[in-house]
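Below are my comments on the model, set out as numbered points for discussion. Please read them alongside the sequence and the coordinates.

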Amino acid sequence: MKSTQKQCGNPGIATGEAGIASQPAVFAAPEAGFTLLEVLVALVIVGVALGASLRAVGSLTQNSDHLRSAMMATWSAENRLAQIRLSNTWPDLGQSNFSCPQDDLDLRCYQDVIATPNPSFRRVEVGVFDARFPDRRIIKLIQVVPNAL
């Protein structure tokens with residue numbers, strides 16, 4: 001069989017039976033870049049990651065403040081218990097409270113001296129509260145004190 005296609009003057013274009021030139025098959029090259037949907041998905045992922053990291057940083061800051069308060073309250077309670085030990089006096093039974101600030105924290109200490117089954121010892125409890133939140137105890141330390149006489 002004989003082909004009915006003829007070549008026209010242009011070597012890359014084939015002509016059909018009617019002699020009309022047909023266009024060569026052109027394949028579009030894939031376009032470089034991202035679609036709008038891909039960009040939006042990437043932005044959502046980045047936004048969620050940034051939100052989570054900000055929340056984590058805020059939580060660390062808040063935990064740091066609580067740890068600082070606990071450390072300062074512990075120092076206040078330990079100072080009071082050391083003062084009782086070093087004074088060589090027998091603490092009186094009962095409750096008392098006093099200011100025990102540390103740095104810029106306004107702390108209140110509550111001391112409770114309780115009799116023990118052994119009359120030669122007394123139990124001393126020191127609780128430390130933040131003056132701004134008097135119903136929230138930060139720390140409580142307990143020590144048994146011998147009679148110094």
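Where is the place of Leu 93?

1. Leu 93 sits in the loop between α1 and β3. This is a predicted model, and the remarks that follow should be read with that in mind. The C-alpha atom of Leu 93 is separated by 7.0 Å from that of Ala 115, although the two residues are 22 residues apart along the chain. When neighbours within four places in sequence are left aside, Leu 93 is in contact with Val 113, Ile 114, Ala 115 and Arg 122.

2. Regarding the overall composition, the protein has 1 helix and 6 strands, and from the N terminus on its elements follow the order β-β-α-β-β-β-β. The helix, α1, covers residues 36-87. Of the 149 residues in the protein, 20% are buried. Among contacts with a separation of 6 or more, 37% are accounted for by residues 24 or more positions apart. The accessible surface amounts to about 11400 Å², and carbon and sulfur atoms hold 60% of that surface.

3. Turning to the strand pairing, β3 (residues 94-99) and β4 (residues 107-115) are antiparallel and are joined over 6 bridges, with Asn 97 having Tyr 110 in β4 as its bridge partner. On β4 there is also a pairing with β5 (residues 121-130), again in the antiparallel sense, for which 9 bridges are found. Within that pairing, Val 113 has Val 124 in β5 as its bridge partner. The strands β4 and β5 form a hairpin, with 5 residues lying between them.

4. The largest nonpolar core contains 16 residues, and those that touch the most other members are Ala 73, Cys 100, Leu 107, Cys 109, Val 124, Val 126 and Val 128. At least two residues of this core come from each of α1, β4, β5 and β6 (133-146), and α1 gives the most, with 5 residues.

5. Val 124 deserves a separate comment, given that this residue appears both as the bridge partner of Val 113 and in the list of core residues that touch the most other members. Neighbours within four places in sequence left aside, the contacts of Val 124 include Leu 81, Ile 84 and Pro 91. The same list of contacts for Val 124 also holds Gln 111, Asp 112 and Val 113, together with Leu 141, Ile 142, Gln 143 and Val 145.

6. Side chains of opposite charge can pair when their charged atoms come close. In this model the count comes to 5 salt bridges. One of them is formed by the side chains of Asp 103 and Arg 68, at 2.5 Å from N to O. This pair links distant parts of the chain, 35 residues apart, since Asp 103 is in the loop between β3 and β4 and Arg 68 is in helix α1. Asp 103 is exposed, with a relative accessible area of 62%, whereas Arg 68 counts as partly exposed at 27%. Arg 68 and Asp 103 are also linked with Asp 104 in a network of salt bridges.

7. A further salt bridge joins Lys 140 and Glu 125, whose closest N and O atoms are 3.2 Å apart. Because Lys 140 lies in strand β6 and Glu 125 in strand β5, the pair ties together parts that are 15 residues apart in sequence. Glu 125 is buried, having a relative accessible area of 10%, while Lys 140 is partly exposed, with 35%.

8. The side chains of Asp 130 and Arg 132 likewise meet in a salt bridge, with an N to O distance of 2.9 Å. How do the two partners stand in accessibility, buried or exposed? Asp 130 is buried, with a relative accessible area of 3%, and Arg 132 is exposed, with a relative accessible area of 60%.

9. Finally, there is a nonpolar patch on the surface, of about 560 Å², made by Phe 34, Leu 36, Val 39, Leu 40 and Leu 43. Leu 43 is found in helix α1. Why does Leu 43 count as exposed? The relative accessibility of Leu 43 is 55%, and exposed here means over 50%, so this residue falls in that class.

Notes: Residues numbered from 1 in each chain as written. Predicted model: local features only at pLDDT ≥ 70, side-chain atom pairs only at ≥ 80, totals over all residues. Heavy atoms only, no water. Pairing = 2+ DSSP bridges. Helix = DSSP H or I, 4+ residues; strand = E, 2+ residues; numbered from the N terminus. Buried < 20%, exposed > 50% of the residue type's maximum accessible area, 1.4 Å probe, protein only. Contact = heavy atoms within 4.5 Å. Areas by Shrake-Rupley, 256 points an atom, 1.4 Å probe, with all protein chains shown as cover. Patch = residues over 30% accessible without salt bridge, like charges linked within 9 Å, V, L, I, M, F, W, Y side chains within 5 Å. Salt bridge = Lys/Arg side-chain N within 4 Å of Asp/Glu carboxyl O. Core = buried A, V, L, I, M, F, W, Y, C linked by side-chain atoms within 4.5 Å.
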